[in-house]
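Here are my notes on this model, set out as numbered points. I hope they are handy to have beside you as you turn the structure around on screen.

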Amino acid sequence: MQKDNIQLKKATTPQSRFKNQDVEPEFWKKKKLEEMNKTEWELLCDGCGKCCLNKLECKGKIYFTNAHCRFLNPKNCLCRIYEHRFDVVKDCRDIDLKAIREKPRWLPRTCAYWLLDNGYDLPSWHPLKTGKANSVFEAGVSLKNRPLINESEVEDYEDYIVDWQDL
Ligand code: SF4
Ligand code: SF4
């Protein structure tokens with residue numbers, strides 16, 4: 001999710017991110033995160049949308065809520081303002097190495113960046129393995145079809161803490 005990525009700026013559907021990408025097969029097994037180019041880096045994102053949930057931090061632990069950022073489109077799990085997100089949302093985080101390694105962990109346990117950085121392979125449903133952006137939806141690991149609330153409707157985030165296994 002870097003600011004100047006051309007592929008994502010042009011993306012209008014989840015699948016468009018995975019078409020016509022000239023990358024080495026299974027590049028994620030051959031390079032560390034630090035060695036990846038921007039295209040490779042962006043393709044690692046499975047588009048689950050779970051990093052756009054609001055979280056609470058208490059006594060060194062992160063609690064996810066089911067309240068999503070007001071700019072997330074819950075139908076396709078994409079940011080509606082991707083190109084301008086850091087200008088518009090002051091606490092929107094860039095997914096860089098610092099964010100991936102931050103403690104306590106605030107990225108979901110299915111996040112490709114976190115998985116690779118911690119020595120795991122990509123899951124079988126990852127779009128880079130299936131060739132289909134939809135596979136993250138079909139596997140039920142994205143925000144699609146989950147009970148969500150727009151953060152604009154929330155008064156107290158503590159009322160919306162969720163204990164989903166894939167967070
Ligand atoms: S949690 Fe990770 S894989 Fe999912 S949308 Fe965010 S950056 Fe992408
Ligand atoms: S602005 Fe909101 S929806 Fe967009 S990337 Fe940031 S947290 Fe996610």
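1. Let me begin with ligand 2. The residues around ligand 2 are C52, C69, F71, L72, C79, I81, R85, V89 and C92. By class, eight of them are nonpolar, one is charged and none is polar. Please keep in mind throughout that this is a predicted model.

2. C52, one of the residues around ligand 2, is worth a closer look. Setting aside neighbours within four places in sequence, C52 has contacts with H68, C69, L72 and C79. C69, L72 and C79 also belong to the surroundings of ligand 2.

3. Now for the other ligand. Ligand 1 has 14 residues around it, and C45, D46, C48, C51 and C111 come nearest. Here the shell divides into ten nonpolar, two polar and two charged residues.

4. The largest nonpolar core holds 29 residues, and those touching the most other members are L44, C48, C52, C111, A112, Y113 and V136. Helix α3, strand β2, strand β4 (78–79), helix α6 (112–117) and helix α8 (135–138) each give two or more residues to this core. The most come from α6, which gives three. You will recognise some names from the ligand shells: C48 and C111 are among the residues nearest to ligand 1, while C52 is in the shell of ligand 2.

5. Why does L44 count as buried? L44 has 21 C-beta neighbours inside 10 Å, and the cut-off for a buried residue is 20 or more. L44 sits in helix α3, which covers residues 38–44. Not counting residues up to four places away in sequence, L44 touches W28, A112 and Y113. A112 and Y113 are also listed with L44 among the core members that touch the most others.

6. One more distance from L44 may be useful when you compare views. W125 lies 81 residues from L44 along the chain, and their C-alpha atoms are 12 Å apart.

7. On to the sheet. Which strands form it, and in what order? The order is β1-β2-β5, in an open sheet of three strands with mixed pairing. β1 (53–58) and β5 (149–150) are the edge strands, each pairing on one side only.

8. Within that sheet, β1 pairs with β2 (residues 61–68) in the antiparallel sense, over five bridges. Two pairs help to fix the register: L53 stands opposite H68 in β2, and E57 has I62 of β2 as its bridge partner. β1 and β2 make a hairpin with two residues between them. In the turn, K59 has a positive phi of about 50 degrees.

9. For the overall layout, the chain has eight helices and five strands. Read from the N terminus, the elements run α-α-α-β-β-β-β-α-α-α-α-α-β.

10. Finally, the overall dimensions. How does the radius of gyration of the chain agree with that of a compact globule? The chain has 15 Å, which agrees with the value near 15 Å for a compact globule of 167 residues. Along the principal axes, the C-alpha atoms fill a box of roughly 45 × 30 × 30 Å. Of the 167 residues, 26% count as buried. Among contacts with a separation of 6 or more, 63% are between residues 24 or more positions apart.

How values were computed
Residues are numbered from 1 along each chain as its sequence is written. Chains are lettered from A and ligands numbered from 1 in the order in which they are written. This is a predicted model: local features need pLDDT of at least 70, side-chain atom pairs count only at pLDDT 80 or more; totals for chains, interfaces and linings use all residues. A residue is near a molecule or strand if its C-beta atom, placed from the backbone, lies within 6 Å of it. Ala, Val, Leu, Ile, Met, Phe, Trp, Tyr, Cys and Pro count as nonpolar, Asp, Glu, Lys and Arg as charged, and the others, Gly among them, as polar. Helices (H or I, at least four residues) and strands (E, at least two) are DSSP runs, numbered from the N terminus. A residue is buried if 20 or more other C-beta atoms lie within 10 Å of its own, exposed if 12 or fewer, and partly exposed in between; C-beta atoms are placed from the backbone. Two residues are in contact if their C-beta atoms, placed from the backbone, lie within 7 Å. Two strands pair if DSSP finds at least two bridges between them. The radius of gyration is taken over C-alpha atoms; the globule rule is 2.2 Å times the number of residues to the power 0.38. A nonpolar core is a set of buried Ala, Val, Leu, Ile, Met, Phe, Trp, Tyr and Cys residues joined through C-beta atoms within 7 Å.
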